[in-house]
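Let's take a walk through a protein model together. Keep the picture open beside you and look at one part at a time.

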Amino acid sequence: MLRFVIRRLIQSVFILLGVSMLSFALMHAAPGGLTTLYANPRIPAATIERLEEQFGLRDPIPVQYLKWLSNVLQLNFGYSLIDQRPVVDKIAERLPATIQLSLASILLGLLGIPLGVYAAMHRGSWIDNTVRVFTVIGNAVPHWWLGLMILVLSANTIRIFPLGGMYTPGNDTLLDRLWHLLLPATIGAMGGWITYSRYIRSEVLEVLGQDFVRTARAKGLSERLVMGRHVLRNALIPVVTIMGGTLAALVSGSVLFESTFSWPGIGRMAVAAAFQRDYPVLMALNMLGATLVILGNLLADIAYGWVDPRVRYD
Amino acid sequence: MIAARFGRWCRPALGMLIALLLAACTGTDPSRSTERSPTSGGAARQGGAMTVAVTADAVSFHPYKTTDAASRDYQSLVYANGLLSRDPHNPDNFIPELAESWSLAEDRVTYTFRLRPDIRWSDGQPITSADFKWTFEQARRPENAYPYVSNFDTIAAYEAPDPRTIVVTLKEPLAVGLENADAVVPLPKHIWEKLDWNDPNRNPEIMAPTVVSGPFKLKEWVRDSHAIFVANDLYFKGRPKLDTYEIRVVGTPQMAFQKLRAGEVDQASIPPEDYEQAKRLDHITVYEWWPAAATWSYIGFNLRKPYLQDVTVRRALAHAVDRQLIIDKIQYGLAQPTYSAFTPTCWCYNPDVPRYDYDPARARALLAQAGWVPGPDNVLTKDGQRLRLRLLFGPNSNKVRERIATVVQEEFRKLGVEVEIQGLEWAAFLQAIKSPPFDWDLVVLGWVSTVDPHWMYQVWAEQNIPQLNAGAYVNKRVEELFKQGAREFDRERRKQIYQEIQRILAEDVPYIFLTMNKAYTGISNRIGGVEVSPLGIGYNIEQWYVK
C-alpha cells in the first residue's frame, strides 16, 4: 500500500506540472490583457506599458512561466494584478465562505443515502416512486435557478429566507449565519440527494438479490443485522469512489449559485479574475483545484482499498 | 431496523429545523429601522442607518491607483473631492468645496485658491495646502503610475505659499483651466508620507483608510460582502445626519432590486425590465434624471475600410437605423434619441445638426447613388464586391448591445447589406477593435461624456488612433476647433465653436449616434433629503436622513 501511495504522489507532481503549464499557456493565449487598464481610454499608453513592465507581463510567456514556477516552489504565489494584495490573502479571505457552504451542502446531501436505502427497501411503494420522480426532475432543473425562484417567491410573499448574503452585517451571530446558510445549503444539497439516492438505491437493490443476503436471512439474522452488516457495507463501496470528487468540490464554488445568493465565495472571485485577466490569482486557483482533485482521488482509492478487501494495491 | 434508526434522529433534526424557521420568521433584521414611518412628512433628524445594494465591490481606497466606478464611489464617501465641485443645479459653474474662494490672474494662467479656514482631517489635524501639494507631487511621479497622470500635462507649477493658499500655474490659458487646476483629491500628508504610496501590503491606508476628509469614515470592509461607513464628525460641511451608511455587495442586479423591494436595503439600481414595477411600489421612490455627464451609445464605422470611406454610404446606413424602436423595445423607454456628438444635456448642444431619420427608402436611394446596386441574390454590389459588413459588440453579456446589433442587422439586410454579428468577451473585444488587422466594419459602443465638452476631443484626435479613436477618423478641422474651444473664455463664442464641431461630425457620420440613457435609481421612502440634479443625487449625501 505504501509503495502505491508513494508512486501516486510522484505521478501527482508530474500531473500538477503539466496542469500548470497548460493553464498558463491557455490563460495567456486568451486575447486581451488587464482590462482595468485597457478598458479605460483615458490611460496613456506609456502608463500601461510601465505597469505591464512592473507586473512582468512584457516578458516572453515561457520566461513568465518559469518565474512563476520558481516563485511557487518557494511557496510565493505572487500578488494580484488588480489590487497588488498577496494572492494567498485573497484566496484565504474567500475560501472559508465557500467551504462553509460546500460543507453544509455535502453534509446535508448525505441524507440522500438513507433516502436511497429506504427507497430500495420499499421498492415499488409510493416513497420509492416519489424519490425516483424527484431525482429525475431535480437533475433537470438548474439548482441556482431553483434557488433564485425560491428567493423571488419568498421576497414577494412570506419573507422566510434572507435574500442572500452570508450574515447580517452588524449582527454576526451563529444563529444569523445558520439562517443565511439554510436555503443555499439545502438547494446545494439537492445534488447530493439526487446522486446518492440513485446510486444507493440501485446498489442496494443489486446487493439484496445476492446469494449471501439470502444466506444471511436463512441463518436467522435479524433484518437489522442483514441490512447493516451485509447489505450496506457492500452497497456503499461505489459511494466511496464518488466521494473522491467531493474534496475538490469543497473549494470550487459555483459562480451562478454564489451570484444568486450573494455569497462572497471563490466562484465569483475566480470568474471576476478570469474576466480581468488576473493571472496570478487564476493560476493559484487552478493549482489549488488540481491538487485537491488529485488528493481527493488518491484518498478515495485508498479508502476503496480499505473498504473492499478484494482490492489489493502494490 | 433502518427505518427505526432513521426515525430516532429524525425528530431532533426536524425540531431544529422548525426552531430555525421560527427564529427566522420572528427575528427582525436589526440593520433595518424597526419603525416604519409613513411615506410623507418627517423632519430631518439626526441618526439612523442607510443600506445600499451594489453589484460590484471596490478594488481599493487609493484615489491614484484605481479606475473602476465602485472604487470611486467608496473613495468619494471618505475623501472630499478637492478644491471645487460643480454646482448640482448649474453644472457648468463651480462652487466651493475645500476651497472657499478662487481667482484667476490677469495672465489667465495663474489660479489662486484660498482654502476654508477650519477644515480638518478626521484625526483633528488641519487640512492645509501642504497636503494638496504633497499629493500632487506624489501622484505626478512616473514610478507611481497614476493612470490619469495626463490630467497634469497642462500644469506648469503647483505651489503652496502659505497653509491656506494654493497657486496653480498652467502652461497656457485654457477655458477648462479651473477644472485642470483643481487637479488632486488631497491625502493626509502627515500620515501618508511615512507610508509606501504603492504597496497595500506596507500601507494599510490603501485598503482601510483611517484618516479621511469626507462625510464618512470606513468602519469595516469585508470584500464582496459589505462595507460599513460611519459619520465623520469633522466633515467640513457638517456631520452627516446619517450615523451609518452601509454598502452591501449583491450578486446580480435582479437580486439587488429584490432586496430593495423586500425592504432589506434602502437603495438599489433597478434593472430596466423592472422599472415599471418599481414605479408602482408604494414604499420606494424612483428618482430619475437626464445626466449632464451622459451615457450615450452609437454605431462606429471603421474608416480604414475603403467602402466605408464614402460618406454617402455612411449617411445611407444612418437612415436605416430606427432610434425610436431601440428606445421603445430595447431600452424600455428609458432613453432619448441623440443625433450629435454632444447630448441635449450639454450646454453646447446643437439641435440643428443634420439628422438622419429612419427612412429606409432614402437609405436605398443614397446607396444606389453611391453605386451600390442589388446583385443576383439581392445583396448590394459594386464593381463585383458585395457589401458585407462585420459588426462587433462587447461584452457579449450586454443584452442591450446585442439587441441593437440584431436590429441593425435586420434593417441593413432589408437594404441589401449583409451584416455578420460577433459578440466578444470584453477584453477580447477591446483587443479586436484596437489592434491590427482591424478586421471589423461596425461596432456598437458607448461613451460617458464629461460635463465640459472639451475632453471629448480625445475621441476624435488622430493621435489617439486606435486607443480612443477606434474607427480611425481624421479631421484636422475638428481637432483645430477643439483646440480653439479650449482657449476661448467667452461662453457664447465657445458655444459656437462646439456647435460647429457638432455640425461637421453630423455631416461626416463617423458614428451613427443612437440614444442617450436616462439615469435612475430606487430609494426607500424612509430616506429623506434626496434631490435629483443633472449631476445625480449623491452630491448632498451628508444631508440625507432617516425619516
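Start with how chain B is divided in this predicted model. The domain assignment splits chain B into three parts: domain 1 (1-77 + 214-290 + 518-547), domain 2 (80-213) and domain 3 (295-517). Notice that domain 1 is written as separate stretches of the sequence, namely 1-77, 214-290 and 518-547.

Now look at how domain 2 and domain 3 of chain B are placed. Taken over C-alpha atoms, their centres are 37 Å apart. The two domains do touch: domain 2 of chain B gives eight residues to the contact, and domain 3 of chain B gives 10 residues. On the domain 2 side of this contact, five residues are nonpolar and three are charged, with no polar ones.

Step back to see chain B as a whole. Its C-alpha trace spans about 90 × 80 × 45 Å along the principal axes. You can trace 15 helices and 24 strands in chain B. Of its 547 residues, 40% count as buried. Among contacts in chain B with a separation of 6 or more, 66% are between residues 24 or more positions apart.

Finally, turn to the place where the two chains meet. Chain A brings 56 residues to this contact and chain B brings 49 residues. On the chain A side, the elements that give two or more residues include helix 3 (45-54), helix 9 (174-208) and helix 15 (266-276) of chain A. Sorted by class, the side of chain A that touches chain B has 30 nonpolar, 15 polar and 11 charged residues.

Notes:
Residues are numbered from 1 along each chain as its sequence is written. Chains are lettered from A and ligands numbered from 1 in the order in which they are written. This is a predicted model: local features need pLDDT of at least 70, side-chain atom pairs count only at pLDDT 80 or more; totals for chains, interfaces and linings use all residues. Helices (H or I, at least four residues) and strands (E, at least two) are DSSP runs, numbered from the N terminus. A residue is buried if 20 or more other C-beta atoms lie within 10 Å of its own, exposed if 12 or fewer, and partly exposed in between; C-beta atoms are placed from the backbone. Two residues are in contact if their C-beta atoms, placed from the backbone, lie within 7 Å. Domain bounds come from an automatic or database domain assignment. Ala, Val, Leu, Ile, Met, Phe, Trp, Tyr, Cys and Pro count as nonpolar, Asp, Glu, Lys and Arg as charged, and the others, Gly among them, as polar.
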